[in-house]
Amino acid sequence: MRQRIILDVDTGVDDSLALLYLLASPDAEIAGIASTAGNVPAAQVAINNLAWLELARAPEIEVALGAADPLEIPLRTTEDTHGPHGVGYAELPTPIRRISTRSAAQMWVDLVRRHPGELVGLCTGPLTNLALALREEPDLPRLLRRLVIMGGAFNHPGNTTPTTEWNIHVDPEAAKVVFDAFSFAPPDRRPIVCALDITESIEMRPTHLIRLAERAGSHPIETVSPADPPEARSVASNPIIRHLTDAVRFYFDFHDGYDLGYLAHMHDPFAAAVALDPALARTRPATVDIELEGALTRATTVADWAGIWGRPPNADIVVGTDPVRFFDRMIARIGDHARALYPGQPVGDPVTRLR
Ligand code: BDR
Ligand code: CA
């Protein structure tokens with residue numbers, strides 16, 4: 001059965017893979033894409049979304065522009081993590097498609113009202129636009145079929161401050177609005193939360209890029225390495241593989257620069273896979289709240305696992321998964337889709353370094 005998705009992203013290298021994963025999934029239909037400010041400003045996020053849609057020869061899909069700033073604080077972006085335009089070293093073609101005339105928050109509200117109980121929400125960026133939508137439509141938690149959020153760090157260090165995760169850190173007030181709103185939702189509507197605890201176990205490595213290129217029938221099959229200079233670019237025959245290689249290589253370099261190894265955490269595509277198939281994840285219910293005051297801990301996600309606060313659970317936090325199964329699925333879906341989009345590419349060198 002095809003599932004209709006509202007995708008809310010701050011594209012972003014790993015958001016790009018989440019988008020491609022959904023476009024490549026026969027069981028998914030994207031109802032609309034909200035472009036949220038986060039990794040890069042909202043306008044750049046929208047351009048990236050439109051460019052990927054065009055490269056993936058996607059049908060008409062609405063791309064709406066989100067708020068320029070978080071609810072109460074100035075925007076902070078992270079080009080050092082995702083590249084000057086949010087897509088690493090990739091230089092995506094300028095899109096011809098246009099941004100929607102309605103705002104991202106309005107799109108959320110209109111879509112859930114038009115399809116009550118049908119839509120799956122997937123948020124892989126700050127929660128600004130979902131919070132704005134909740135202000136206009138407080139019944140949104142019941143109108144959605146399911147919500148999956150990439151965000152937070154629970155029994156795990158943060159990636160932005162010692163205790164905070166990026167998406168929550170950018171707009172903690174919005175995160176609080178969202179988790180508070182779900183305090184009143186029935187248990188089967190609780191958001192599934194993919195936090196760093198689990199998404200940092202989803203480690204993409206150069207071998208995964210090789211497998212993707214092979215599956216797509218792209219040539220030459222390129223190996224990327226920390227020795228590649230920043231100006232190196234993929235010459236892969238398949239445009240999806242070519243741009244993904246350049247995007248993900250920047251993310252490898254970033255992680256390597258923080259002594260995490262030559263790998264990249266695939267937070268957002270994992271959340272996309274869970275949105276389509278929650279069986280990929282083992283979850284535990286908890287009551288989640290956001291610290292808004294602490295001098296050292298503002299934007300920390302706090303989970304009450306034991307009911308100490310006496311408040312019902314408002315989230316199902318992912319506590320286990322099988323990363324190998326996830327990568328097999330991601331490579332099969334994106335690889336097959338890339339091959340179908342750009343068939344019959346000429347065969348070049350069997351395996352080569354980047355030029
Ligand atoms: C999250 O932060 C962003 O930089 C990534 O795209 C991901 O959504 C991980 O903390
Ligand atoms: Ca993201």
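How many salt bridges does the count come to in this structure? The count comes to 21 salt bridges. The model under discussion is a predicted one, and the account below proceeds from these charged pairs to the calcium ion, then to ligand 1, and finally to a nonpolar patch on the surface.

One of the salt bridges joins the side chains of arginine 2 and glutamate 29, with a distance of 3.8 Å from N to O. This pair links distant parts of the chain, since arginine 2 belongs to the segment before β1 (3-9) while glutamate 29 belongs to strand β2 (residues 28-35), 27 residues apart. Arginine 2 has a relative accessibility of 48% and therefore counts as partly exposed. Glutamate 29 is likewise partly exposed, because its relative accessible area is 30%. The two residues also take part in a network of salt bridges that links Arg2, Arg4, Glu29 and Glu118.

Two further pairs may be examined in the same manner. Aspartate 110 and arginine 102 form a salt bridge in which the closest N and O atoms are 2.8 Å apart. Aspartate 110 is partly exposed, with a relative accessible area of 23%, and arginine 102 is partly exposed at 21%. A salt bridge also brings together the side chains of glutamate 203 and arginine 205, at 2.8 Å from N to O. Here arginine 205 counts as partly exposed at 36% relative accessibility, and glutamate 203 is partly exposed with a relative accessible area of 29%.

Attention now turns to the metal site. The calcium ion (ligand 2) is coordinated by OD atoms of Asp10, Asp15 and Asp268, with Asp15 listed twice, and by the O atom of Thr124, at 2.2 to 2.6 Å. Along the sequence, the donor residues follow the spacing D-x4-D-x108-T-x143-D. Aspartate 15 lies in helix α1 (residues 13-23) and aspartate 268 in helix α12 (residues 267-276), so the pair ties together parts that are 253 residues apart in sequence. Are aspartate 15 and aspartate 268 buried or exposed? Buried means under 20% relative accessible area. Aspartate 15 is buried because its relative accessible area is 0%, and aspartate 268, at 2% relative accessibility, therefore counts as buried as well.

Aspartate 268 appears again in the surroundings of ligand 1. There are 13 residues around ligand 1, and Asp14, Asn39, Asn159, Glu165 and Asp268 come nearest. Several polar contacts can be described in detail. A polar side-chain atom of asparagine 159 lies 2.8 Å from an oxygen atom of ligand 1. In the side chain of asparagine 167, an N or O atom is 3.1 Å from an oxygen atom of ligand 1. Threonine 124, which also provides a donor to the calcium ion, has a polar backbone atom 3.0 Å from an oxygen atom of ligand 1. The protein covers 97% of the 280 Å² of accessible area that ligand 1 has on its own.

The last feature lies on the surface. Val302, Ile308 and Trp309 form a nonpolar patch there, and together they have about 310 Å² of accessible area. Valine 302 is located in strand β11 (residues 301-304). Its relative accessible area is 34%, and valine 302 is therefore partly exposed.

How values were computed. Residues are numbered from 1 along each chain as its sequence is written. Chains are lettered from A and ligands numbered from 1 in the order in which they are written. This is a predicted model: local features need pLDDT of at least 70, side-chain atom pairs count only at pLDDT 80 or more; totals for chains, interfaces and linings use all residues. Side-chain values use heavy atoms; hydrogens and water are left out. Patches are made of residues with over 30% relative accessible area and no salt bridge: like charges are joined within 9 Å, nonpolar side chains (Val, Leu, Ile, Met, Phe, Trp, Tyr) within 5 Å. Accessible areas come from the Shrake-Rupley method with a 1.4 Å probe; for residues, only the protein chains shown count as cover. A salt bridge is a side-chain nitrogen of Lys or Arg within 4 Å of a carboxyl oxygen of Asp or Glu. Helices (H or I, at least four residues) and strands (E, at least two) are DSSP runs, numbered from the N terminus. Buried means under 20% relative accessible area, exposed over 50%, partly exposed in between (1.4 Å probe, protein chains only). A residue is near a molecule or strand if one of its heavy atoms lies within 4 Å of it. A polar contact is a pair of N or O atoms within 3.5 Å; within protein, one must be able to donate a hydrogen and the other to accept it, and residues adjacent in sequence count only if both atoms are side-chain atoms. Donors are N, O and S atoms within 2.8 Å of the metal (3.2 Å for Na, K and Ca); water is not among the atoms, so sites may look incomplete.
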